[in-house]
Amino acid sequence: AYLKENKEKPEKIGILGGTFDPIHYGHLVIAQWAKEEFSLDKVLFVPAGTPPHKLHKEVLMGKHRYRMTTLATNTNPNFKVSSMEMNRLGPSYTIDTIKDLRKEYGKDTFLYFITGADSVLDFYTWKDYEELIKSCYFIAATREGYDVEKFNQRIEEIHELFGHRIFKMDIPDLDISSTNLRKRINQGKSVKYLLPETVEQYIIENKLYKDLKG
Ligand code: ATP
Ligand code: MG
């Protein structure tokens, strides 16, 4: 009602969920591209408290992942970090995050959940995915190393089942993953130019990823 009375355009908010263990330029590029391609007002980075698909793996303490995400994004006024999943108990499900954001922003705000191709490929395993795809839009970024055919096919399928609620986004391929960065650090190799220097410094100062188990 407030928006209509003021004849303002509804806000468009991008949400980038991830483990960010650590955050890297792949994440920052998909967020920036989504911001520009879809004229988003801002992108909210949401570090997962307990990622449901990584329960068996060792994930760095939330505090560190949250701080690194803040360091990586604080030079961009359109990027914000939310601790909502860190503050929630149990596994961090996207459906719960979208429901909470919907409550916070109201029904007129456009919510766009941003993901990479790998996440789209296992979309049907996400909790309450049918309800989820009806609750917000999705921006699916191409990702180096993932099956393009399968990716396109999955997007088609979602279009047929649920309508045009998912949008493909071509990004400049960056073959960077947190898994690979953790390995490099563990092997004593540099991660320079793969993530922001502030994050690199934070990792060094806190001696992160020195002894990897999972
Ligand atoms: P891990 O190797 O630990 O899974 P990751 O690099 O995949 O880490 P996540 O935190 O799992 O990072 O990713 C969060 C989101 O960002 C996911 O939707 C993922 O697909 C996307 N993403 C991460 N890196 C890239 C990249 N280089 N290109 C496109 N999308 C990416
Ligand atoms: Mg991943």
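## A tour from the ligand shell outward

Start by selecting ligand 1 and the residues around it: by class, this shell has 5 nonpolar, 10 polar and 3 charged residues. What you have open is a predicted model, so here are its scores before you go further. The chain averages a pLDDT of 93, and 95% of the residues score at least 70. For the model as a whole, ipTM is 0.99 and pTM is 0.94.

**Stop one: the shell around ligand 1.** Which residues should you label here? Of the 18 around the ligand, those that come nearest are Gly18, Gly26, Gly116, Ser178 and Thr179. Now colour the secondary structure elements. Helix H2 (25–37), strand E4 (110–116), helix H5 (117–121) and helix H8 (178–186) each supply at least two residues of the shell. Which element gives the largest share? That is H2, with 3 residues.

**Stop two: the loop before H2.** Select Pro22, which is found in the loop between strand E1 (12–18) and H2. Display the backbone here and look at the peptide bond from Asp21 to Pro22: it is cis, with omega near 5°.

**Stop three: the loop after H5.** Move on to Asp128, in the loop between H5 and helix H6 (129–135). Its phi is near 50°, a positive value in a residue other than glycine. Both backbone stops deserve a look because most residues other than glycine have a negative phi, and most peptide bonds are trans.

**Stop four: a pair of helices.** Finally, select helix H3 (residues 62–73) together with helix H9 (residues 197–205). Their axes come within 8 Å and cross at roughly 150°. How do the two helices run relative to each other, parallel or antiparallel? An angle over 145 degrees counts as roughly antiparallel, and H3 and H9 are therefore roughly antiparallel to each other. The crossing in which H3 passes H9 is right-handed.

Show the side chains to see who makes the contact: H3 brings Arg67, Met68, Leu71 and Ala72, while H9 brings Thr198, Val199 and Tyr202. Coloured by class, the residues of this contact divide into 5 nonpolar, 1 polar and 1 charged.

Methods: Residues numbered from 1 in each chain as written. Chains lettered and ligands numbered in written order. Predicted model: local features only at pLDDT ≥ 70, side-chain atom pairs only at ≥ 80, totals over all residues. Near = placed C-beta within 6 Å. Helix = DSSP H or I, 4+ residues; strand = E, 2+ residues; numbered from the N terminus. Nonpolar A, V, L, I, M, F, W, Y, C, P; charged D, E, K, R; others polar. Axes fitted to C-alpha atoms, helices over the stretch in contact; angles between N-to-C directions. Parallel < 35°, antiparallel > 145°, perpendicular 65-115°, else oblique. Left-handed = near helix turned anticlockwise from the far one by under 90°. Contact = placed C-beta atoms within 7 Å. pLDDT = per-residue confidence, 0-100.
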